[in-house]
Amino acid sequence: MHRFWKRSILGMAAAGIMAWGAAAQDTIKIAYIDPLSGGGASIGEHGLKHFNYIADMVNAKGGVLGRKLEILPYDNKTNPQESLLQAQKAIDAGARILTQGNGSSVAAALSDFVAKHNERNPGKEVIYLNYAAVDPVLTNDKCNFWHFRWDANSDIKMEALTNFMKDRPAIKKIYLINQDYSFGQAVRSQAVTMLKAKRPDIQIVGDELHPLLRITDFAPYVAKIKASGADSVITGNWGQDMALLLKAAADAGLQVDWYTYYAGGAGGPTAIKQTGLSHRVFAIVEGHANVPHEAAQKTEAEFRARTGLGVWYPRVFNQMAMLVAAIEKAKSADPVKIGKALEGMEHATFTGGKGFMRADDHQFFQDMYIASFGPLEGGAKFDEEKTGWGWKTVGKIDTANTILPTTCKMQRPS
Amino acid sequence: MGEPMLQVRDLHAYYGKSHILQGVTFDVGEGEIVSLLGRNGVGRSTTIKAIMGDVPPSGSIRFKGREIVGLKPHQVARLGLGYVPENRDIFPGLTVRQNLLLGQKSTRHKGRWSVEDLFEVFPRLKERADTPGGVLSGGEQQMLTICRTLMGDPDLIMIDEPTEGLSPMMVELVGKLLAEIAERGVSILLVEQKLTIALRISHRLYVMGHGHIVFEGTPAALNADAAVRKEWLEV
Amino acid sequence: MSAVALSLKDIHKSFGNTPIIRGVSLDVPVGERHAIIGPNGAGKSTLFHLISGRFPVSAGRILLRGEDITGLPPYQINRRGLSRSFQVTNIFPRLSVFENLRCGVLWSLGYRYSFWRFVEGLRDARERTEEVMEQIGMTARRAIPAGVLTYAEQRALEIGITIAGGANVIMLDEPTAGMSRSETENAVELIRKVSQGRTLIMVEHDMSVVFGLADTISVLVYGQIIATGAPAAIRQNREVREAYLGQAEEH
Amino acid sequence: MLELVIFSSLNGVLYGMLLFMLASGLTLIFSMMGVLNFAHASFYMLGAYFGFEISRRIGFWPGFVVAPLLVGAVGALVERYGLRQVHRHGHVAELLFTFGLAFVIEELVQMFWGKLPVDYRVPASLDFTAFTLFQTTYPAYRMFMLLVAVGMFVFLLAILTRTRVGLIIQAALTHPNTVAMLGHDVPRIFMMVFGVGSALAGLAGVIAGPALVTQPSMAALLGPILFVVVVVGGLGSLPGAFVASLLIGLIQTFAVAINLSLSDIFGSGGAAIFGDLWQATVAQLAPVIPYLLLVLILIFRPTGLMGTRET
Amino acid sequence: MRSSLGRYALWIGLAILFAALPHIFTSGTSLTKMSLMGIMIIFALSYNMLLGQTGMLSFGHAVYYGLAGFMVVHFINRASGGAWPVWLPFVPLIGGLTGLTFGIIFGWVSTTRAGTAFAMISLGLGELVAACSLILRGFFGGEEGITTNRTRLLRLFGYNFGPQVQVYYLIAAWCLICIAAMYAITRTPLGRMSNAVRENPERAQFVGYSTQMVRFLSFCLSGFFAGIAGALAAINFEIMNFLSVSAVQSGTVLLMTYIGGVGHFFGPILGAVLITWLQSSLSDLTGAWMLYFGLLFIFVIMFSPGGIAGWIMLHEPLARAGLLMRLLPAYLLIAVPVLIALAGIVGLIEFGHHYLVKGATDGTVVRVLGVALDTAGPWPWLISVGLLAAGLILGRRLWPVVTDAWNGASAELKRRISA
């Protein structure tokens, strides 16, 4: 049902109906706080579909501990302060589990908010499940007990990526181009350090930071890359910065390999297809549509049939499955107990691997894949964004090779 | 045709809160040269602006038998009423020739005047045909303004203080042009503060004072009426 | 000879290449009512703008009671005791009559830019404003926004603002322009009243106003003063007649 | 190095010309109405989206022709039924009206075409390499853009200086009243200029759409820079807009190529006082430069480079 | 002269209202929203010191709000754990001083110009600061921003300001102080001369005032209050990030102020409350809320340039004369077509939004009041357009009733005044 009408009716009804509230006690409410209007809406809406799909699946099997899961969407407009307001709304509406993924700034704000809220409201704790914000700091210096992350943080991704790259002797000269903000800077500095350690012979011929989402034409940057003679580029760019960069590269006839974090993000596949960079763009992911794992392939097909879009976030499946497992293990939906149950939990991942939630910092570790994008081949079934091109695994990094130390010092509730 | 070409009846106009025109009535006949005299601030310019539709008036203005109150300036102009503003408003960046061409309402319409005709009357303009209007002297600008309006082929031309700030020689030239205009069958409504040209070339004169017409008659009659001159015109 | 209130020393002003004021020198003694007349476009308003600091002069000096005020910004000149009105009504349209006048009063009483005391609490400002309001006969209209006053009232208010600050030298630019006969008469009365004990310089076209008010008249033609003198003398001046009525006219 | 200079120049000029396609319309509209049109970049975006929509149904070339006309029509309607009504409330209201309009257009575009970049392609007929220099290829489409931009500049110049309509417009810019008195329908001219200005922005959008990326933030990305261009060039000055467009295009492009920071030049001593600013390279600061220029120009030379009137 | 009781009654009433609100709206959400409203009221009023009082259109007011917020976050972090003897309730002053400082610096630069040039400088400065906010990570904390913990300062009377309700009262108190202070400023010589400069800068010069100085002082004071708002935001959210200095934040305060109404002191207050409420509530109802927001803004500009306050104050003389009831029937009557037309517009937007944004994945069918409508088919559109057209036509027909009622009431008012 369309949210507008639904909410209007609910809004009217909610005023007087306590019985409805009592009935609602029986559901386990998960507040989904992500952009649902404005700039990031399409991404936020897509994430929401994952949660709704999984909740329906769980509910169809009778729910958890006999209670149904209910996803409450809240629009945070990708604004940290607005997110806090929406989080407050969610808590008022009875949600004790919050989840969010778009934007490290929002994640940092939420994580901080949740910690303070729990400190100031003992007995009314909430827990925050992070499915996509990758700033390492969240599981390092700024870690706290209430925050759990299922996406590999950017350092881990770089660890995996460099572990893959170190065995590719063709790589001689690397150019780094990243967005000038914390994430881009993290990518850049980790790349430099890790490459130096693993492949000291690789020459870093360029290290560029460009303004975030403000560049209309990447041609000047591409000219620099070209002039540097690089054979590979590492970039953490996402969104338009990714699309524009690839476009400018294709225009200038730049022949390099692209090692990326978010080439698979919204619009990325379309952009790659447009530029015709067949299997020259690599992305580090925890899974993709064409990983030959039967259950995953089946879910992918079902998900596509239902929403018309591919599974972007295998980790959301991991997250929800582990949440359910934790609730069942704790025999309670109390955030404190869920949190304790999640700590150290080992669980099979969406694509059939083994993963575990490290108790030290609440970072989930899992197998990572290096995938390249190009025309579908070798029995791969799923394309992206109706381009006819799809992802293909070119490398897999086992969980063990993704583990990094953490600086997290966490205080746990007694 | 009994009705005069331009017939203004009981014209009222306000500028902001100020009641500038308080019932102005006068006529201009076909082929006639009529002057509207008066000191500054009595409403002469407002009268013309009201006729052109630049200031919204009440009352009646009929031009060639048609009521024109409520029309927009460009519509009034297209009916054949030409206006030469007091401040000249030549387009400084455009050349003399371009200024003239702008006076034409359309390229198809061929009127009484062509650029060449006007250059003949004013050889000065011809010499300066390709210089920007902004560098002309005051007198040349005045000539250009009148010529520009003539290019629109008006049947009646209203000229606001054409001799203001001009040297005697220039005043003579303007007088000559006015005569030439009249000769080609164009009626003239001359708005003046000074009597110089007005007395010489007008068929009839009106004197305005504080929003009314206070005198109507021939130049000779005005010359004879020292009281009116002293009260309304002289220092 | 009495002291000179305002003194112009060979003032020149050009806009681009066009000279508008071409060497004006003038001394106005303290307490005189001085009118500047001249045909349209002679540069009267420009001269006013130069004196009041609205435009910078191209050359020459302006002295206000002996003090050089050339090149000062308008507010500085105003603070030194010269106040002016405008040809086009120039008031604060959305403020009330009272507020308009009080704006004219504040600086002269030394309240300047203060934001730590309430304006309502300033007794002297209120009294001075009341006084001016009474003088221009608008006490009954005190709370009305200036923008909705009649034209003549706005002109009167304009004069009120001009004199409110108690300047010794007042310059009025066509104070009666656009007024009806009776309104003009009232305005002349008002001007006579408010210029009592001050120096008045005015530009005016209405000759009855000029001859009714002025002690001395200067005639500005083509950016130059061609004559200065008592009204009667000016009326007889041949050059002046020509400038106004044209030379061709003889009778 | 030479390679970098050549390509940076080419790209800078191209970017500059793109800016000029927008700035010219904005300048004309400003001269006429005294209002900086905040929605101007939105018309550019509309052009790109219309172009995209037409190109995917019929083809690029029909879109190339039709989309700017459509945008022009939208612009004319906005002038006629929006701005003209707001005019009586004063300049601030007009400015805010265009501000609100930009907001609404962005929302509508997001509603119709979504937030994601759309797949607006370079037409096959132009999808080849124009030339190769130092092994770097320069796409034909970019040459085409440059050609269109230059063509438009010449066309605009010709219209304004060589045609009767151009004369009327030039005259109406400074003396609208007088022009009306000569029998020309000035409000209609204004509407037309607004329409044409919008259409030019639309045309810029149509050709920039495939080369850059067609997405809902393209207006917001370019909008503020446009203001910089028209203000730096001098409000109301077409030649000024031209010079400023190229200047900013080149500055932006070359700044990217410079990796120096203050600490590289003066040593790391200043870092203690200025912090990160000291370490930032010119390339990083590239987006700040135009605004710095804007503020400096407004303070020290308020008429802009070639303008005649103060803002 | 008004009685002194009457003069203070309004303020006492406001104080009581502020004190009572948390007992009426008790949920955490309401508290958070009301806190935000309080902040925005200060921010919008400070903005109106520029736009409404002095006639300066700024596109970069968030600079003072945001910078002050950052400064306060840093301040609290430094002072935490009793390092400095400060109590939280006084911290907003730090923000105010920060706003003032930057107001002085940037104001000195920008108030040399007025009108469009001023607007452009403010835009340029705003963009400059916004761009710097992502480059200077030490101060702005990059994309994440900087967090703080407001409870780490010294306790005052045992309050640690952890619970939202305590923060609400802190904000409410500051809000009351700032409203009173800013209202007071409008009634000082500087306040009045600001109005004069807005109305007629030239005339203001000729009564002895330097318009630049008046603008500059207004600008500084405005920066001061914006700084207080920013400080309160920092305390409330315990996080500041680059968005707080961005053009979006500047645009929001502009919209709030203008929609509320720049011509009256209470206009921005209305605007701040309304827009804050809409922002957090409308987005629950519809994904197209920004569109409604933009349309509302354009509507206000075109038809009620005085904003909501202007529209209300239009009725003030009538209300005072007790003539408002005469308009009521006409207003009720016109409300019908207005609501019908509104329903049509909402229909168009919502159906459009559903069809275009969600149609591809969620299906094109919408249920309205139990009826399933397929937005891919013609019916929803015909109904919406029909409603809109009907509303417009009916409204046009009925409009004379409103004007008649209005004219009648005004005439009666005039008669009574003159009588």
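Colleague: Hello! Which residue of chain E with the letter Y belongs to the aromatic cluster that holds F38(D), F99(D) and F227(D)?
Modeller: Happy to help; this is a predicted model, where local features need pLDDT of at least 70 and side-chain atom pairs pLDDT 80 or more, while totals for chains, interfaces and linings use all residues. Residues are numbered from 1 along each chain as its sequence is written, chains are lettered from A and ligands numbered from 1 in the order written, and side-chain values use heavy atoms, without hydrogens or water. Beside the three chain D residues, the cluster holds F59(E), F297(E) and Y258(E).

Colleague: How many aromatic pairs are there over all chains?
Modeller: Rings of Phe, Tyr and Trp (its six-membered ring) pair if their centres lie within 6.5 Å; planes under 30 degrees apart are stacked, over 60 edge-to-face, the rest tilted. Searching the whole structure and counting over all chains gives 64.

Colleague: What kind of pair do F38(D) and F59(E) make?
Modeller: Their ring centres are 4.8 Å apart. The planes meet at 45°, so the pair is tilted.

Colleague: And what does the pair of F38(D) and F59(E) join?
Modeller: F38(D) sits in the loop between α1 (2-33) and α2 (40-57) of chain D; helices are DSSP runs (H or I, at least four residues), numbered from the N terminus. F59(E) is in the loop between α2 (28-54) and α3 (62-79) of chain E. The pair therefore joins two chains.

Colleague: Is F59(E) buried or exposed?
Modeller: Buried means under 20% relative accessible area, exposed over 50%, partly exposed in between (1.4 Å probe, protein chains only). Its partner F38(D) has 13% and so counts as buried. F59(E) has 8%, so this residue is buried.

Colleague: What is the angle between the planes of F224(E) and F225(E)?
Modeller: Both of these residues are buried. Their aromatic pair is edge-to-face, with 5.3 Å from centre to centre and a plane angle of 80°.

Colleague: Which ring of chain E has the charged end of R84(C) over it?
Modeller: R84(C) lies over the face of F86(C), at 4.1 Å from the ring centre; the test is NZ of Lys or CZ of Arg within 6 Å of the centre and within 35 degrees of the ring normal. The charged end of R84(C) also sits 5.5 Å from the centre of the ring of F206(E).

Colleague: Which chains have the most contacts between them?
Modeller: Chain A does not touch chain B, with nearest C-alpha atoms 37 Å apart, nor chain C, where that distance is 34 Å. Among the 6 pairs of chains that touch, the most contacts (heavy atoms within 4.5 Å) are between chains A and E.
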